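Colleague: I would like to learn how to read burial, salt bridges and surface charge from a set of coordinates. Where should we begin?

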Amino acid sequence: MRIEEELKLDYSDVLFRPKRSTLSSRKDVNLKRTYRFKYSGNEWSGIPIMAANMDGVGELEIAENLSDTDMITCLTKQHDVKKIKKFKKIKSIYKNIAISIGIKDEDFKRLDAILKEFSFIKFICIDVANGYSEHFSKYLKSVRDKYPTKTIIAGNVVTADMAQELVLSGADIVKVGIGPGSVCTTRIQTGVGYPQLSAVIECADAAHGLGAHIIADGGCTCPGDVAKGFGAGADFVMLGGMFAGHDEGGGKIIKSNGSKYIEFYGSSSDTANKKHYGGLSDYRSSEGRSVKLKYRGKIKDTISNILGGVRSSCTYVGAPSLKQLSKCTTFVRVSNQFNDTFVK
Ligand code: 5GP
């Protein structure tokens, strides 16, 4: 047994240190980024925030709204040719969607069928809870061999060594985060995890050294956390909970005590397993929870609020664009992030 003594940090452990700046208004901050990906060679431009491939979030109607500001949506694993065909506007948003798969044979077949029908889609997201298995790297290699011109996202991992391993196995973009998610119970069920801010800093450094990119996936609770993800070096920040609870997610609105709620659940929760796979296998336990979120209306308002926050973070640290945010970032370690007197 060994203990690593160095303290690792979460978003809530730090704040941006404000810096003198010549920017006069947050309106002037440019949030768009342009990336060229290591293996696919594809170029993408947009605001590098992504919707997670979770029920109620990774949906086509959410994608339609996020795509207006060129943000990406990773569609849930329940999207097949039939479902995508029904959505008539696919051609106008295809640049900003990713097809998500796991590592089962049927996932590979579904991907194949989708990319045959919609060959213009450019992103593949290979998503497993634990990206540390040898089998996962091999599988990633086989997807890379089959689709040399697609931009491949792979994860999740939280350490530099494995971020490098995934890049060397063919990932253009590594997805980073184990256990920080809003409806994730992995840390409770298994005791496994890594504080998200440190995971992002360390994996970004490793992936960038190899000419690849990373996504900070999970753990953002407010626009300030999104900015901290970028400040830490993330190329993309992925959101589940912050994009949940809206009309466009398609969830059923539940009325209770005069308020409206929408159910939101982890992809490994009992609810998700029952819904999609006929229940949990005997040898597994649920690693996600199911919650009732206050209904939040249209997603456009949430998007504006997030982008407004990130723009403002940039002005506080003197970054004229999102591209410069990380260079302009000095984090201060804190023991108290904000005054919660009136927060329930
Ligand atoms: P959030 O933005 O809600 O904090 O985190 C979203 C991320 O949580 C997702 O992109 C995914 O990586 C992770 N996640 C989603 N569902 C589950 C789950 O049931 N269990 C675990 N361990 N992680 C989940």
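Modeller: Begin with a cut-off: a residue is called buried under 20% relative accessible area, exposed over 50%, and partly exposed in between. The model here is predicted. Take K146, whose relative accessible area is 40%, so K146 is partly exposed.

Colleague: Is D112 buried or exposed on that scale?

Modeller: D112 counts as buried, because its relative accessibility is 18%.

Colleague: What do the side chains of K146 and D112 form?

Modeller: The general idea is that side chains of opposite charge can pair when their charged atoms come close. Here, K146 and D112 meet through their side chains in a salt bridge, at 2.7 Å from N to O. This pair links distant parts of the chain, with K146 in helix α5 (residues 134–146) and D112 in helix α4 (residues 105–117), 34 residues apart.

Colleague: How many salt bridges are there in the whole structure?

Modeller: A search of the whole structure finds 17 salt bridges. One of them joins the side chains of D70 and K32, at 2.9 Å from N to O.

Colleague: Why does the pair of D70 and K32 tie together separate parts of the sequence?

Modeller: D70 lies in the loop between α1 (60–67) and β5 (72–74), and K32 in the loop between β1 (14–16) and β2 (33–36), so the pair ties together parts that are 38 residues apart in sequence. Both ends are partly exposed: D70 has a relative accessible area of 24%, and K32 has one of 40%.

Colleague: Which residue does K77 meet in a salt bridge?

Modeller: The side chain of K77 meets that of D127, with an N to O distance of 3.8 Å. These two residues are 50 apart, K77 in the loop between β5 and α2 and D127 in strand β7 (residues 123–127), and the pair links distant parts of the chain. K77 is partly exposed, with a relative accessible area of 23%, whereas D127 is buried at 13%.

Colleague: Which residues are joined into one network by salt bridges that share partners?

Modeller: K77, D127, K175 and D217 are joined in that way.

Colleague: Now the surface. Which residues form the positive patch?

Modeller: K82, K83, K86 and K275 make up a positive surface patch. Helix α2 (residues 81–86) gives the largest share of the patch, 3 residues. K86 belongs to helix α2, and its relative accessible area of 64% makes K86 exposed.

Colleague: And at the other extreme, how should I read W44?

Modeller: W44 is in strand β3 (residues 43–46). With a relative accessible area of 5%, W44 is buried. Sequence separation is a separate matter from distance in space. W44 and N96 are 52 residues apart in sequence, yet their C-alpha atoms are 8.7 Å apart. Leaving aside neighbours within four places in sequence, the contacts of W44 include R33, Y35, F37, D70, I72, N96, F123 and F236. D70, the salt-bridge partner of K32, is thus listed among the contacts of W44 too.

Colleague: Can burial be read for a whole helix? How many residues of α9 are buried?

Modeller: Count the residues under the cut-off. Helix α9 (residues 223–231) is mostly covered, with 8 of its 9 residues buried. Among them are P223, D225, K228 and F230.

Colleague: What is the phi of G233, which follows α9?

Modeller: The phi of G233 is positive, near 115°.

Notes. Residues numbered from 1 in each chain as written. Predicted model: local features only at pLDDT ≥ 70, side-chain atom pairs only at ≥ 80, totals over all residues. Heavy atoms only, no water. Patch = residues over 30% accessible without salt bridge, like charges linked within 9 Å, V, L, I, M, F, W, Y side chains within 5 Å. Areas by Shrake-Rupley, 256 points an atom, 1.4 Å probe, with all protein chains shown as cover. Salt bridge = Lys/Arg side-chain N within 4 Å of Asp/Glu carboxyl O. Lys, Arg positive; Asp, Glu negative; His and termini not counted. Charge placed at Lys NZ, Arg CZ, Asp CG, Glu CD. Helix = DSSP H or I, 4+ residues; strand = E, 2+ residues; numbered from the N terminus. Buried < 20%, exposed > 50% of the residue type's maximum accessible area, 1.4 Å probe, protein only. Contact = heavy atoms within 4.5 Å.
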